[in-house]
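Visitor: I should like to go through the reasoning behind some of the terms applied to this model. May we begin?

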Amino acid sequence: MLVLVAPGQGAQTPGFLTDWLALPGAADRVAAWSDAIGLDLARFGTKADADEIRDTSVAQPLLVAAGILSAAALGDISGIAPGAVAGHSVGEITAAVFAGVLDDTAALSLVRRRGLAMAEAAAVTETGMSALLGGDPEVSVAHLERLGLTPANVNGAGQIVAAGTMEQLAALTEDKPEGVRKVVPLKVAGAFHTHHMAPAVDKLAEAAKTLTPADPKVTYVSNKDGQAVASGTEVLDRLVGQVANPVRWDLCMETFKELGVTAIIEVCPGGTLTGLAKRALPGVQTLALKTPDNLDAARELVAEHTQA
């Protein structure tokens with residue numbers, strides 16, 4: 001069984017959209033999205049530097065656009081026929097498009113509002129996120145809580161991402177949990193999936209009221225608890241609430257395993273989630289769509305692992 005996944009914020013790198021825009025029709029499609037949301041996605045995806053695309057209000061729509069564009073280059077979702085879809089953090093909105101819950105314009109409109117609301121919430125206090133490499137999750141979570149930090153992403157494969165104020169993160173660097181090899185700051189502009197994002201929830205809820213979600217056409221696995229969600233309304237409700245609650249990617253991967261996953265394809269800018277899967281789901285084939293050069297191999301994987 002094939003699972004199609006979409007990465008979250010921090011996966012973006014300068015120029016990562018350049019090769020994708022050279023594909024037939026891609027530039028026109030991105031231009032239409034840019035007009036719809038008032039953001040020059042092509043410029044940010046090709047010419048902007050790392051600081052510009054670190055801006056939450058830019059990074060989030062850029063990632064969703066890249067995910068949709070790369071999946072479309074792979075093939076129509078009905079032809080890809082994944083057994084399940086999921087996304088990490090903002091990648092959940094990309095996955096909602098794959099599942100048919102939202103169309104691409106609605107998704108980009110929602111993620112634009114999400115990015116702006118979260119950027120505004122992040123501006124109230126200087127906050128950030130750092131990944132913990134190694135260590136026992138239970139020990140690490142208890143340690144983080146003692147420092148006043150939130151385990152905002154529990155990613156599986158031994159990886160936890162801490163979120164909080166910059167002072168709290170600095171204290172973490174000096175006082176790592178037992179067994180943690182390294183604390184790595186992430187390329188994000190706030191403490192996402194924590195109480196610091198609470199002001200963004202109400203604004204996102206207002207934006208969501210303007211949308212009419214459809215029920216998922218394929219299994220949609222939620223970050224909230226790793227459960228499959230069958231209602232489009234519930235998917236949208238979870239997308240709203242998730243900005244201020246931890247991402248449980250570990251539980252998503254457990255669900256993939258229970259569903260019988262045999263292959264995972266991660267859409268552009270892929271690499272993070274397939275890396276986690278290699279460690280947490282041994283024996284499962286993985287492929288990251290980093291550039292269009294990966295498309296042929298991805299199509300072969302689709303043909304081998306899609307359901308009849």
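Guide: Let us start with asparagine 223, which, apart from its neighbours within four places in sequence, is in contact with Gly87, His88, Ser89, Glu92, Gln242, Pro246, Val247, Arg248, Trp249 and Cys252. The model is a predicted one.

Visitor: What makes these residues contacts of asparagine 223?

Guide: Contact requires heavy atoms within 4.5 Å, and the residues listed for asparagine 223 include Gly87 and Trp249. Asparagine 223 itself is placed in the loop between β7 (219–221) and β8 (228–229).

Visitor: Why is asparagine 223 called buried?

Guide: The term applies under 20% relative accessible area. Asparagine 223 has 0% relative accessibility and therefore counts as buried.

Visitor: What distance separates the side chain of asparagine 223 from the backbone oxygen of glycine 87?

Guide: A polar atom of the asparagine 223 side chain lies 2.8 Å from that oxygen. The cut-off for a polar contact is 3.5 Å, and the value of 2.8 Å lies within it.

Visitor: Why are α2 and α8 called oblique to each other?

Guide: Helix α2 (residues 26–37) and helix α8 (residues 104–122) pack at about 50 degrees, and their axes are 10 Å apart. Roughly parallel would require an angle under 35 degrees, and roughly perpendicular one of 65 to 115. The angle of about 50 degrees fits neither class, so the two helices are oblique. The crossing of α2 past α8 is right-handed.

Visitor: Which residues meet where α2 and α8 pack?

Guide: From α2 there are Arg29, Trp33, Ala36 and Ile37; from α8 there are Asp104, Thr105, Leu108, Ser109 and Arg112. By class, this contact has four nonpolar, two polar and three charged residues.

Visitor: How do you know that histidine 193 is buried, whereas alanine 81 is partly exposed?

Guide: Partly exposed covers the range between under 20%, which is buried, and over 50%, which is exposed. Histidine 193 has a relative accessible area of 1%, so it is buried. Alanine 81 has 23% and is therefore partly exposed.

Visitor: What makes the backbone of these two residues notable?

Guide: Most residues other than glycine have a negative phi. Alanine 81, in the loop between α6 (77–80) and β2 (84–87), has a positive phi of about 50 degrees. Histidine 193, in the loop between β6 (180–185) and α11 (198–208), has a positive phi near 60 degrees.

Visitor: What is the omega of the peptide bond from cysteine 268 to proline 269?

Guide: Omega is near -5 degrees, and the bond is cis. Proline 269 lies in the loop between β9 (263–266) and α14 (272–280).

Methods:
Residues are numbered from 1 along each chain as its sequence is written. This is a predicted model: local features need pLDDT of at least 70, side-chain atom pairs count only at pLDDT 80 or more; totals for chains, interfaces and linings use all residues. Side-chain values use heavy atoms; hydrogens and water are left out. Axes are lines fitted to C-alpha atoms, for helices over the stretch in contact, and angles run from 0 to 180 degrees between N-to-C directions. Helices (H or I, at least four residues) and strands (E, at least two) are DSSP runs, numbered from the N terminus. Angles under 35 degrees count as roughly parallel, over 145 as roughly antiparallel, 65 to 115 as roughly perpendicular and the rest as oblique. A crossing is left-handed if the near helix is turned anticlockwise from the far one by less than a right angle, and right-handed if clockwise. Ala, Val, Leu, Ile, Met, Phe, Trp, Tyr, Cys and Pro count as nonpolar, Asp, Glu, Lys and Arg as charged, and the others, Gly among them, as polar. Buried means under 20% relative accessible area, exposed over 50%, partly exposed in between (1.4 Å probe, protein chains only). A polar contact is a pair of N or O atoms within 3.5 Å; within protein, one must be able to donate a hydrogen and the other to accept it, and residues adjacent in sequence count only if both atoms are side-chain atoms.
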